[in-house]
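Visitor: I would like a close look at one part of this model, the interior and what surrounds it. Please give the cut-off for each term as you use it.

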Amino acid sequence: MVCDGRLCGLLRRNLQPTLTYWSVFFSFGLCIAFLGPTLLDLRCQTHTSLSQISWVFFSQQLCLLLGSIIGGVFKRTLAQSLWALFTSSLTISLVFAVIPFCRDVKVLASVMALAGLAMGCIDTVANMQLVRIYQKDSAIFLQVLHFFVGFGALLSPLIADPFLSEDNCWPANSTANATSSSHLFRASRVLGHRPSSNQTLPELFPPDGAGTRVSYAFWIMALINLPVPMAVLYLLSKERLLTCCPQRRPLLLSADELALETQPPEKEEASSMPPKIQPHPEHEDLFSCCQRKSFRGAPYSFFAIHITAALVLFMTDGITGVYSTFVYSYAVEKPLSVGHKLAGYVPSLFWGFITLGHLVSIPISSKMKPATMVCIDVVGVVVTYLVLLAFSYNVIFLFVGTASLGLFLSSTFPSMLAYTEDILQYKGCATTVLVTGAGIGEMSLQMLVGWIFQAQGSYSFLVCGVIFGCLAFTFYILLRFFHRMHTGLSSVLTQDKQLGTESSECYQR
């Protein structure tokens with residue numbers, strides 16, 4: 001990591017919790033990327049169509065959103081945060097182990113809903129605690145945090161690839177003809193309950209447990225993830241926060257310690273808030289944020305910044321979820337008709353370049369402003385989608401565009417989080433609102449694209465991407481506009497407060 005002596009000192013003093021938060025995000029990445037390449041195998045396993053299996057994504061993303069909101073509850077003490085992370089990371093291993101036994105789409109959706117709750121809790125707690133520890137220095141550490149997301153998401157498709165089925169158990173024209181697929185599905189379910197019709201089933205679906213070896217991939221991922229909850233448990237033991245040990249540090253960081261660690265000496269006098277009132281009320285759960293009395297009297301630009309920043313991530317994180325989930329299905333459909341094995345490398349390539357982008361963003365974020373990074377990322381996403389749309393019949397451009405899209409999307413979330421927190425001077429609810437907005441985007445856009453993909457065909461996949469990218473750029477422009485407006489309004493409010501204070505002092509004299 002490229003950092004100066006002060007940042008390295010900060011990292012050394014908080015090395016154990018920082019490494020723990022980074023490793024827990026590996027679990028998040030491992031769980032977020034496996035559905036895309038295993039989609040066709042899971043359809044065979046559950047005997048469902050593309051539109052029906054989309055409910056699995058919806059349940060996961062809906063509960064990820066709920067988990068992000070609930071995760072704000074586990075924030076006040078180190079014990080609460082670590083126990084939440086331990087439970088969540090262990091739940092992910094259990095989910096991987098159970099998925100091969102889910103033969104019904106409703107059961108699979110329920111299991112993925114549980115995984116979504118765990119992922120949402122990890123997302124909120126890990127981001128929140130790193131921002132709390134490092135504050136204005138958090139941009140670099142957030143880039144590393146999201147590098148581990150990319151690393152886990154890269155590893156997941158690579159593990160699944162050797163076990164993917166070579167053939168599609170669903171008819172080749174199912175995507176282009178939603179009505180025909182629906183009739184075939186209903187027919188297979190009816191025939192499946194009649195022993196005399198067993199000979200017709202192999203044409204639609206393989207028998208349960210046959211034709212797919214993807215179960216081994218899920219069990220391997222469950223074992224790979226097990227060291228993560230063990231690492232959290234070790235930190236709990238080291239901090240003496242297990243039930244058998246006396247509690248040593250009730251709060252994650254005291255206010256004075258936080259101020260001394262995160263504030264450079266030359267800026268201590270210029271700080272607008274004394275250290276004693278800088279604890280961390282700014283990172284709360286969504287319900288607490290909405291009830292904050294300190295927001296009364298805040299300029300409307302304060303709320304507009306929260307909303308527009310969340311909308312940018314609504315689109316960009318939604319694009320990430322949509323592309324990683326459906327690019328495999330898009331590649332195997334006409335007009336590309338890529339082989340199943342070759343198409344399995346496309347999600348791996350996508351997450352691989354997201355991982356590379358996070359790695360490259362670590363030194364870049366120490367030299368470039370977060371706002372500039374977000375601008376480059378959003379523009380790059382739009383241009384990449386336009387190129388993919390223009391050369392939609394070329395397999396080479398699919399791989400090149402996938403790599404480019406992964407690079408541009410990689411640093412969007414951490415850069416936007418650091419930018420928004422910096423605008424609001426860590427006084428708002430940016431972390432909670434942005435995580436919630438990103439979760440809603442992943443949930444709703446995946447569901448929307450799943451329906452459109454089934455009804456309109458594979459070409460609509462790229463058209464939706466262009467629309468989402470243009471909307472993200474529009475919201476970013478609005479964010480910059482409100483940023484400038486907020487800076488001016490904040491200066492006016494500060495001057496009014498100073499004049500009011502001076503007037504009251506003169507009156508008292």
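Guide: The account below starts with the whole chain, goes on to the interior, and ends with some backbone details.

The model is predicted, so local features are reported only at pLDDT of at least 70 and side-chain atom pairs only at pLDDT 80 or more, while totals for chains, interfaces and linings use all residues. Residues are numbered from 1 along each chain as its sequence is written, and side-chain values use heavy atoms, with hydrogens and water left out.

The chain has 20 helices and 0 strands, both taken as DSSP runs numbered from the N terminus (helices are H or I, at least four residues; strands are E, at least two). Of its 509 residues, 57% count as buried; buried means under 20% relative accessible area, exposed over 50%, and partly exposed in between, with a 1.4 Å probe and protein chains only. The accessible surface comes to about 21,500 Å², and 66% of that belongs to carbon and sulfur atoms; the areas come from the Shrake-Rupley method with a 1.4 Å probe. Among contacts (heavy atoms within 4.5 Å) with a separation of 6 or more, 83% are between residues 24 or more positions apart.

Next, the packed interior. The largest nonpolar core contains 129 residues, and M416 and F461 have the most contacts inside it. Such a core is a set of buried Ala, Val, Leu, Ile, Met, Phe, Trp, Tyr and Cys residues joined through side-chain atoms within 4.5 Å. Helix α13 supplies the largest share of this core, 17 residues. Leaving out residues up to four places away in sequence, F461 touches V322, Y323, F326, V327, Y330, V449 and F453. Helix α13 runs over residues 300–332 and includes S329. S329 is in contact with L39 and F453, apart from neighbours within four places in sequence. F453 is thus a contact of S329 and also of F461. S329 counts as buried because its relative accessibility is 4%.

The enclosed space comes next. There are 4 cavities of 30 Å³ or more. On a 1 Å grid over the protein atoms alone, a cavity is a set of points where a 1.4 Å probe fits but cannot get out, and lining residues have an atom within 4 Å of a point. Grid points are joined across faces, edges and corners, and a volume is the space filled by probe spheres set on the points.

The largest cavity holds about 290 Å³. Its lining has 21 residues, and H146, V149, D317, T320 and F413 lie nearest its centre. Helices that each supply at least two lining residues are α2 (15–32), α7 (138–160), α13, α15 (345–365), α17 (395–410), α18 (412–423) and α19 (430–456). By class, this lining has 11 nonpolar, 7 polar and 3 charged residues; Ala, Val, Leu, Ile, Met, Phe, Trp, Tyr, Cys and Pro count as nonpolar, Asp, Glu, Lys and Arg as charged, and the others, Gly among them, as polar.

The second largest cavity has a volume of about 80 Å³. It is lined by 14 residues, with I32, G321, S324, T325 and Q446 nearest its centre. At least two lining residues come from each of α4 (50–71), α13 and α19, and α13 gives the most, with 4 residues. This lining divides into 5 nonpolar, 8 polar and 1 charged residues.

Two further buried residues can be placed in their helices. I69 lies in α4 and counts as buried because its relative accessibility is 14%. I69 and G439 are 370 residues apart in sequence and 9.8 Å apart in space, C-alpha to C-alpha. M373 belongs to α16, residues 370–390, and is buried at a relative accessible area of 6%. Beyond its neighbours within four places in sequence, M373 contacts Q143, S361, I364, S365, M368, S411 and S415. From M373 to Y419 the C-alpha distance is 9.5 Å, across 46 residues of sequence.

Finally, the backbone. P335 sits in the loop between α13 and α14 (340–343), and a cis peptide bond with omega of about 15 degrees joins it to K334. S337, also found in the loop between α13 and α14, has a positive phi of about 50 degrees although it is not a glycine. At 43% relative accessibility, S337 counts as partly exposed. Another non-glycine residue with positive phi, near 60 degrees, is H47, which lies in the loop between α3 (39–46) and α4.

Definitions and conventions
1 Å grid on protein atoms, 1.4 Å probe; cavity = no way out; pocket = protein on both sides within 12 Å on 5 of 7 lines; lining within 4 Å.
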